[in-house]
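Student: Could you take me slowly through one part of this structure, the nonpolar core and the residues around it? I would like to follow each step of the reasoning.

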Amino acid sequence: LCAQRDERQVHLRQQRDHAGEQEHACGAINASRASLDPPSQSSPADIDQARHEAKLLQRRLGPLRKARDQAEDAAGLAREIESRATRAHDLLSAHHAHAGTELALLCGRLEEARSRTADADLEEAVTYARSQARAADVTHEEVGEEIRSCGVDNAQARLTQIDSQVARAGAQLDTLRGQFHELKGRLEMTAGEGRAEEHDRAGQLLAEAKRELSSVGRRARAARQLHATLRRHRDSAHASYVAPYAREIERLGKAMYGASFAVRVSPGLVITHRELHGVLLGFDHLSGGAKEQLGILARLAVAMLVDAHQAVPVMIDDALGYTDPDRLRRLGAVLDDASPLGQIVLLTCTPQRHAAIPGARVLSIPA
């Protein structure tokens, strides 16, 4: 800062000298103008010469004015630089005073330290430290030679790799810690919302639902076992009914159709087929009269199977409308054969259709 200040002061003096020279030149020009003013007694040749010199001086006056303006600008700049230099000098003086204070303080500390420890002891300690440093350098060199002789370059590379892995693991650990703190915060927030109590209540409801499911499962298995048992016994009973039922229908039907008559009955006690003279036809393919006749035979067979000694009553309402007279006569014989075992009530509006039934009791119902 001192050097800059001196340099600025030299520059400022140079600019002042230059400005002085310009002012001197301006004074000479003005004097020349005054001397060139033509007296009233001058001749025309002197006037022309003066005018020519005036023009020359006028041309020289322009650069001089410009130089004067530059000198004035330089003077303003020099004054500003001088002001800045003055402020810098004051600041340096303050720093110098502060540095002197610190120097005095450090000198005091140095004297205090010297009073506690002599310079000879310090020099001895420095000598000992230097000897220890030289011994450490020797040891370092020896260890380096041993390391180089052992060929630990690969170990150094492995150590570098391990360091990089440790750095990556540290980054992952930081990430996991951040996730842990985030989850912990969410857990605490969730706990504050009463989710734990809801979870406990849900656990209780789940346990109750499991007990109810177990109970329902036991009841369902028991119901399935009961259903299977009942179905098995029903099928067994149906099987025990099917054969006698079919035999009874065939016994009654042989008296009507002949010895070639046979039927096939499903487990549901439904006539599915009729066989006659070696021809087997499905029930749906039979005529309306044949279906009526098999229906009467089936009802008679059921009534006789219910009780072998006393059959249940059978009600027949105006049936056998599609049966031919020959079959009506044969069916009358069948009804007469079954009537001693049970009562058969036959309702009809055409009594002559059943006139072939022997021993029939006819009762007329007035309209």
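Tutor: Let us begin with a definition: a residue is called buried when its relative accessible area is under 20%, exposed when that area is over 50%, and partly exposed in between. Pro325, for example, has a relative accessibility of 66%, so this residue counts as exposed. Please keep in mind throughout that what you see is a predicted model.

Before we look closely, here is the setting. The protein chain holds 7 helices and 5 strands, and read from the N terminus their order is α-α-α-α-α-β-β-β-α-β-α-β. Of the 367 residues in the chain, 19% are buried, and the chain exposes about 27,300 Å², with carbon and sulfur atoms supplying 57% of that area.

Now to the core itself. In soluble globular proteins, nonpolar side chains tend to be buried together. The largest nonpolar core here has 31 residues, and those with the most contacts inside it are Ile249, Phe261, Ile296 and Leu297. Two or more residues each are given to this core by helix 5 (195–257), strand 1 (262–265), strand 2 (271–276), helix 6 (288–306), strand 4 (314–317) and helix 7 (325–338). Helix 6 provides the largest share, which is 9 residues.

Take Leu297 as a way into this core. If we leave aside its neighbours within four places in sequence, Leu297 is in contact with Ile249, Leu252, Gly253, Tyr257, Phe261 and Val334.

Two of those partners, Tyr257 and Phe261, deserve a closer look, and both are buried. A pair of aromatic rings is described by the distance of the centres and the angle of the planes. A search of the whole structure finds 1 aromatic pair. In it, the ring centres of Tyr257 and Phe261 are 4.9 Å apart and the planes meet at 15°, so the pair is stacked; the cut-off to remember is that planes under 30 degrees apart count as stacked.

Beside this pair we meet a charged residue, Arg274, which belongs to strand 2. Arg274 lies over the face of Tyr257, at 5.8 Å from the ring centre. With a relative accessibility of 11%, Arg274 counts as buried. Apart from neighbours within four places in sequence, its contacts are Tyr257, Phe261, Ala262, Val279, Leu280, Leu281, Leu286, Ala290 and Leu294.

Helix 5, one of the elements that contribute to the core, also carries a salt bridge: Arg251 and Glu248 form it, with their closest N and O atoms 2.6 Å apart. Both residues lie in helix 5, 3 residues apart, which is about one turn of the helix. Their exposure can be read from the accessibilities: Arg251, at 39%, counts as partly exposed, whereas Glu248, at 13%, counts as buried. The count of salt bridges comes to 3, and another of them joins Arg219 to Glu212, where the closest N and O atoms are 3.8 Å apart.

Finally, let us return to the residue we started with. Pro325 has its place in helix 7, which is also among the elements that give two or more residues to the core, although Pro325 itself is exposed. Pro325 and His354 are 29 residues apart in sequence, while their C-alpha atoms are 9.4 Å apart in space. Across the whole chain, among contacts with a separation of 6 or more, 59% are between residues 24 or more positions apart.

Methods
Residues are numbered from 1 along each chain as its sequence is written. This is a predicted model: local features need pLDDT of at least 70, side-chain atom pairs count only at pLDDT 80 or more; totals for chains, interfaces and linings use all residues. Side-chain values use heavy atoms; hydrogens and water are left out. Helices (H or I, at least four residues) and strands (E, at least two) are DSSP runs, numbered from the N terminus. Buried means under 20% relative accessible area, exposed over 50%, partly exposed in between (1.4 Å probe, protein chains only). Contact means heavy atoms within 4.5 Å. Accessible areas come from the Shrake-Rupley method with a 1.4 Å probe; for residues, only the protein chains shown count as cover. A nonpolar core is a set of buried Ala, Val, Leu, Ile, Met, Phe, Trp, Tyr and Cys residues joined through side-chain atoms within 4.5 Å. Rings of Phe, Tyr and Trp (its six-membered ring) pair if their centres lie within 6.5 Å; planes under 30 degrees apart count as stacked, over 60 as edge-to-face and the rest as tilted. A charge sits over a ring if NZ of Lys or CZ of Arg is within 6 Å of the ring centre and within 35 degrees of the ring normal. A salt bridge is a side-chain nitrogen of Lys or Arg within 4 Å of a carboxyl oxygen of Asp or Glu.
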